[in-house]
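Student: Please examine one ion pair in this model closely, and then set it within its wider surroundings. I would like a single connected account.

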Amino acid sequence: MEFFKPMEIKYDSKQVNIENIEKTRCLIIGSGPAGYTAAIYASRANLKPVLYTGLQMGGQLTTTTEVENYPGYPDGITGPQMMEDLKKQAERFGADIRFGIATSVDFSHKTHKVTIDDDKVILADAVIIATGATAKYLGIESEVKYAGMGVSACATCDGFFYRGKDVAVVGGGDTAAEEATYLAGLCRKVYLIVRRDVLRASKAMQHKVLNTPNVEILWEHQTIDLFGDDGVEGATLIKKSGTPEEEVIKIKIDGFFLAIGHSPNSDVFKKFIETDEVGYIKTIPGTTKTNVPGDFAAGDVQDPHYRQAVTAAGTGCMAAIDAERYLSELK
Ligand code: FAD
Ligand code: NAP
């Protein structure tokens, strides 16, 4: 006779083995500064949070070297070290940090269902979404080759390393215009590489960038390659591609900044959670509350404007406090 035959329950027309179902009060999805900070606060509030790290344990900062603008590190710190410290701090207070990816969700009931790795089901009273955003890249091989050696997707983060040097920014939107004018304050010269003959940026940003003397706009140019021995030393561009005036040129630069947009990692939640047209999760202003009671969003996944480690950590803290208040009212 089988005493412990695992029960099977039906969920979204899928059979789920009951051994693979777990209940938790607070589930955190994502292990960047937002997720780990939420875990620190939620653990200290005795919510016993479970955190799933996703594929990139530690988040975007694990792809960078020095972080010099996070408060509290007078000598700077490497991104991977900072994220390891945040993880340890969350574990110190009891956060249960696990490797796994949220592959689907069902937020249609009071208890929120999150499937991990298409296998395990977590039933949570509150969920904090901290899945970040991913910078878009052009898709050329040399971007990968020079990652962290002259290629960056964050001028605020890395511009300082290029003081007095020549750099290029790719893109024609508000981010590109903003990053070009920011870098112009630090660098000798900034090329703005724009693929069309117009900028998509707002009139105000256009005015700013067009009137910054050390920004040179390369209209109708596209980047085909980067070159250099120990890091970026220049870029090969194609002008007016596919026209009779097509021309290949080379520019000498030390830094190459991508500003062609970001993709928030929100796809898995979109059926239930409201986003803007780009995919950033909408939150009630001044809070981390989403349109679904009990689901909160923190960090870059809900932030089209700042996208900094410290703002991500700040909203991670807010999400844990919002979740704690929600859970105390749920009792
Ligand atoms: P992220 O750091 O993006 O982390 C997202 C997390 O979610 C990851 O752990 C990922 O694995 C996880 N995840 C995604 N999808 C899923 C899923 N389906 N299931 C489970 N988990 C999932 N900011 C600064 O303030 N200073 C700097 O110097 C600086 N330098 C930077 C350098 C580089 C190269 C880059 C790319 C960014 C830099 N930034 C810097 C920006 C900063 O990294 C981000 O603002 C910050 O990491 C955002 O934190 P986050 O927690 O929202 O998300
Ligand atoms: P965006 O508005 O989508 O602009 C992306 C830019 O990159 C466009 O100019 C686009 O060119 C270009 N681009 C895309 N793919 C490219 C490629 N493969 N090669 C070359 N160029 C490419 O993105 P964003 O600038 O990050 O802005 C996102 C949102 O945030 C916008 O709503 C923006 O207004 C807002 N924002 C506001 C501020 C502010 O108000 N201060 C600051 C930053 C961002 P095309 O124009 O040819 O498509």
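Student: How far apart in sequence are E91 and K87 in helix α2, and what does that amount to in helical turns?

Tutor: The model is a predicted one, and every value below is computed from it. Helix α2 covers residues 79-92, and E91 and K87 sit four residues apart within it, so about one helical turn separates them. Their side chains meet in a salt bridge, with a distance of 3.4 Å from N to O. The two partners differ in accessibility class: E91 has a relative accessible area of 35% and is therefore partly exposed, whereas K87, at 15%, is buried. The lysine thus falls under the 20% limit for a buried residue, while the glutamate does not.

This pair belongs to a structure that holds ten salt bridges. A second pair consists of K23 and D125, whose side chains meet at 3.0 Å, N to O. Here K23 belongs to strand β3 and D125 to strand β10 (residues 120-129), so this bridge ties together parts that lie 102 residues apart in sequence. D125 counts as buried, because its relative accessibility is 16%. A further bridge is formed by K282 and E274, with the closest N and O atoms 4.0 Å apart. Both of these residues count as partly exposed, K282 at 42% relative accessibility and E274 at 44%. In addition, salt bridges link E22, D96, R98 and K120 in a network.

The frame around these pairs can be described briefly. The protein has seven helices and 21 strands, and its C-alpha trace spans about 80 × 45 × 40 Å along the principal axes. Of its 331 residues, 50% are buried. One example is L27, a residue of strand β3 (residues 21-29), which is buried with a relative accessible area of 0%. L27 and Y280 are 253 residues apart in sequence, and their C-alpha atoms are 20 Å apart in space.

A charged residue need not have a bridge, and D300 shows this: it is buried yet has no salt bridge. The nearest side chain of opposite charge to D300 belongs to R307, at 5.3 Å, and the cut-off for a salt bridge is 4 Å. D300 lies in the loop between β21 (295-297) and α7. The side chain of D300 does, however, make a polar contact of 3.1 Å with the side chain of Q60.

D300 and Q60 also lead to ligand 1, since both are among the closest of the 31 residues that surround this ligand, together with S31, Q56 and A309. Helices α1 (33-44) and α7 (309-330) each supply at least two residues of that shell. By class, the shell has 13 nonpolar, 16 polar and two charged residues. Three contacts to oxygen atoms of ligand 1 may be listed. A polar side-chain atom of S31 lies 2.8 Å from such an oxygen. For L55, a backbone N or O atom lies 3.5 Å from an oxygen of the ligand. For R307, a backbone N or O atom lies 3.1 Å from an oxygen of the ligand. Taken alone, ligand 1 exposes 990 Å², of which the protein buries 92%.

Ligand 2 has a shell of another make-up. Among the residues that surround it are L138, G171, G172, G173, E178, R195, R196, I260 and G261. By class, its shell divides into two nonpolar, five polar and five charged residues. Polar side-chain atoms approach oxygen atoms of ligand 2 from three further members of the shell: D174 at 2.6 Å, T175 at 2.6 Å and R200 at 2.5 Å. Taken alone, ligand 2 exposes 920 Å², and the protein buries 70% of that area.

To return to the pair in question, E91 and K87 are about one helical turn apart in α2, and their side chains meet at 3.4 Å.

Note on methods. Residues are numbered from 1 along each chain as its sequence is written. Chains are lettered from A and ligands numbered from 1 in the order in which they are written. Side-chain values use heavy atoms; hydrogens and water are left out. A residue is near a molecule or strand if one of its heavy atoms lies within 4 Å of it. A polar contact is a pair of N or O atoms within 3.5 Å; within protein, one must be able to donate a hydrogen and the other to accept it, and residues adjacent in sequence count only if both atoms are side-chain atoms. Accessible areas come from the Shrake-Rupley method with a 1.4 Å probe; for residues, only the protein chains shown count as cover. Ala, Val, Leu, Ile, Met, Phe, Trp, Tyr, Cys and Pro count as nonpolar, Asp, Glu, Lys and Arg as charged, and the others, Gly among them, as polar. Buried means under 20% relative accessible area, exposed over 50%, partly exposed in between (1.4 Å probe, protein chains only). Lys and Arg count as positive and Asp and Glu as negative; His and the chain ends are not counted.
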